[in-house]
Structures are given as structure tokens and as C-alpha cells.
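Dear colleague,

I am passing on the structure we spoke about, and below it you will find my notes on what came out of it. Please read them with the coordinates open beside you.

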Amino acid sequence: THGNSDAFGVSWGVYLPSYPTLLASYQQGSNNFTIYGQNSNNTSSFHAFNLRSTYQVAGFQLNGGYQRSATHSEFPEFLVDQQPQTSEASGNTFTFGAAHQLPLHGNFSANYNRSEFTTDYGLTSSSGGASYGGTVNSINANVYLNPVERLSVGVNTNYTDNLLGSLFQPILTSGVVVQQVRS
């Protein structure tokens, strides 16, 4: 391929002693490229907004965040009798985590993540394409102890309520166009 890309990002943060931190950031970018041997342009663009905060209270290190992202991609005809396709995706992710020191040089941490996403892919001028969306909730927790030198003991557990969604969400919200199978 041959093309041009551009991206822009800006961040702003507040860090005051004894108060929660706050970090906000915004990114956007686009890509315009051609495939050698083809006369048409492929385009993609993305936008992302993030908020993140941390705080320490009563020995707990707390963190939370929010992310909003959106992508748009257009892929023209590549093979004979194939129509140009468009893909659009967006998502919201909410996170919360907590960690605390334990006796015996140990540490405990737990995190909760909720992702909501929608995507429309395979859109053409004559077809509505396909849509997929969902919500993925996941929780993980870790406990690690180091009771004596050269001995560490740990337990880790993970749970998700939507395995299919957790596999598709990162792929579909990145702007990938999924080829439809016709019967």
C-alpha cells in the first residue's frame, strides 16, 4: 500500500496532594491509502476520549476510568464484482480497580471492567451489512504473598460474562471490515 496518515492527541491532568488525580486525553487520526494496482482510495479514521483518576485512602489505591472510542473505515472494490464496503464502530469502557498491601509482603488487587460496543460492518450501497453489539463485564482479582525469601505464593482469578463479545470487541471496534459469507 501507499498512503498518508495523521494523528493528533492532547492530554490534561490535575495532580494535587491529598486529592484524587484526574487525567483527560483526546486523540483523533485518519489514514488514506491505496493498494498498488488499484485506482481507488481506502480511508479510515478514529476518535478516542479518555478520563482516568487515581486516589489513595485508608491504605487502598483506587483507580477508575472511562473511554469513548469511534472508528470509521471505507474500503473500495478490491476484487471483481465486489462493492465498496464501510465499517463503523463505537464503544464505551468503564473501569474501576482497588489494591491494598497485605501482611507477609503481600498485595491484593481487584479490577472491574465494563465494555459496551456496537459495530456495523460490510455496509455497501445496496446492502445494510451486518451489525453486532454487546456488553462485556469482566472481573479479575489477585492475591500474592512472599512469606519468606525465595518463596512467593499467588492466586489469580478472572471472570467474564460474554466470551464471544470479549473476543470480537477489540477486533470490531478497531475498524476491521469482516467479509460476509453469502449462501
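**Notes on the predicted model**

At 69% relative accessibility, Ser18 counts as exposed. Ser18 belongs to the loop that runs between strand E1 (2–14) and strand E2 (22–34), and its phi is near 70°, which is a positive value in a residue other than glycine. A second loop residue can be set beside it: His105, in the loop between E5 and strand E6 (106–123), has a positive phi of about 55° although it is not a glycine, and with a relative accessibility of 69% His105 is likewise classed as exposed.

Before going further into detail, I should say that this is a predicted model, and that the confidence varies along the chain. The average pLDDT of the chain is 82, and 77% of the residues score at least 70. Confidence is highest in E8, at 92, and lowest in helix H1 (residues 163–172), where the mean is 64. Over residues 177–183 the pLDDT stays under 50, and for this stretch the model has 13 contacts beyond four places in sequence. Where pLDDT is low, the predicted coordinates should not be read in detail.

As for the overall build, the chain contains one helix and eight strands, and in sequence order these follow the pattern β-β-β-β-β-β-β-β-α. Of the 183 residues in the chain, 22% are buried. The chain exposes about 11,900 Å², of which carbon and sulfur atoms supply 58%. Among the contacts in the chain with a separation of 6 or more, 49% are between residues 24 or more positions apart.

One strand pairing can be described in some detail. Strand E7 (residues 130–148) and strand E8 (residues 151–160) pair in the antiparallel sense, over nine bridges, and within this pairing Ser138 stands opposite Thr160 in E8. The hairpin of E7 and E8 has two residues between the strands, and in this hairpin Arg150 takes a positive phi near 70°.

Which aromatic rings pair in this structure? A search of the whole structure finds one aromatic pair. The two rings are those of Tyr66 and Phe94, whose centres are 5.1 Å apart and whose planes stand at 40°, so the pair is tilted. This pair links distant parts of the chain, since Tyr66 is in strand E4 (residues 60–75) and Phe94 is in strand E5 (residues 85–102), 28 residues apart. Tyr66 has a relative accessible area of 24% and is therefore partly exposed, and Phe94, at 35% relative accessibility, also counts as partly exposed.

Tyr66 has a further partner in Asn92, a residue that is found in strand E5. The side chains of Asn92 and Tyr66 are joined by a polar contact of 2.6 Å. Is Asn92 buried or exposed? With a relative accessibility of 16%, Asn92 counts as buried, because it falls under the 20% limit. If residues up to four places away in sequence are not counted, Asn92 touches Tyr66, Gln67 and Arg68, and also Arg114, Ser115 and Glu116.

The last residue I looked at is Leu102, which lies in strand E5 as well. Leu102 is partly exposed, at 30% relative accessibility. Leaving out residues up to four places away in sequence, Leu102 touches Asn107, Phe108, Val143 and Leu145. Leu102 can also be compared in position with Asn146: these two residues are 44 residues apart along the chain, and their C-alpha atoms are separated by 9.9 Å.

When you go through the model, you might start with the tilted pair of Tyr66 and Phe94 and the polar contact between Asn92 and Tyr66, and then turn to the hairpin of E7 and E8 with Arg150. For residues 177–183, please keep in mind that the pLDDT stays under 50.

With best regards

Key
Residues are numbered from 1 along each chain as its sequence is written. This is a predicted model: local features need pLDDT of at least 70, side-chain atom pairs count only at pLDDT 80 or more; totals for chains, interfaces and linings use all residues. Side-chain values use heavy atoms; hydrogens and water are left out. Rings of Phe, Tyr and Trp (its six-membered ring) pair if their centres lie within 6.5 Å; planes under 30 degrees apart count as stacked, over 60 as edge-to-face and the rest as tilted. Helices (H or I, at least four residues) and strands (E, at least two) are DSSP runs, numbered from the N terminus. Buried means under 20% relative accessible area, exposed over 50%, partly exposed in between (1.4 Å probe, protein chains only). Two strands pair if DSSP finds at least two bridges between them. A polar contact is a pair of N or O atoms within 3.5 Å; within protein, one must be able to donate a hydrogen and the other to accept it, and residues adjacent in sequence count only if both atoms are side-chain atoms. Contact means heavy atoms within 4.5 Å. pLDDT is the predictor's confidence in each residue, from 0 to 100. Accessible areas come from the Shrake-Rupley method with a 1.4 Å probe; for residues, only the protein chains shown count as cover.
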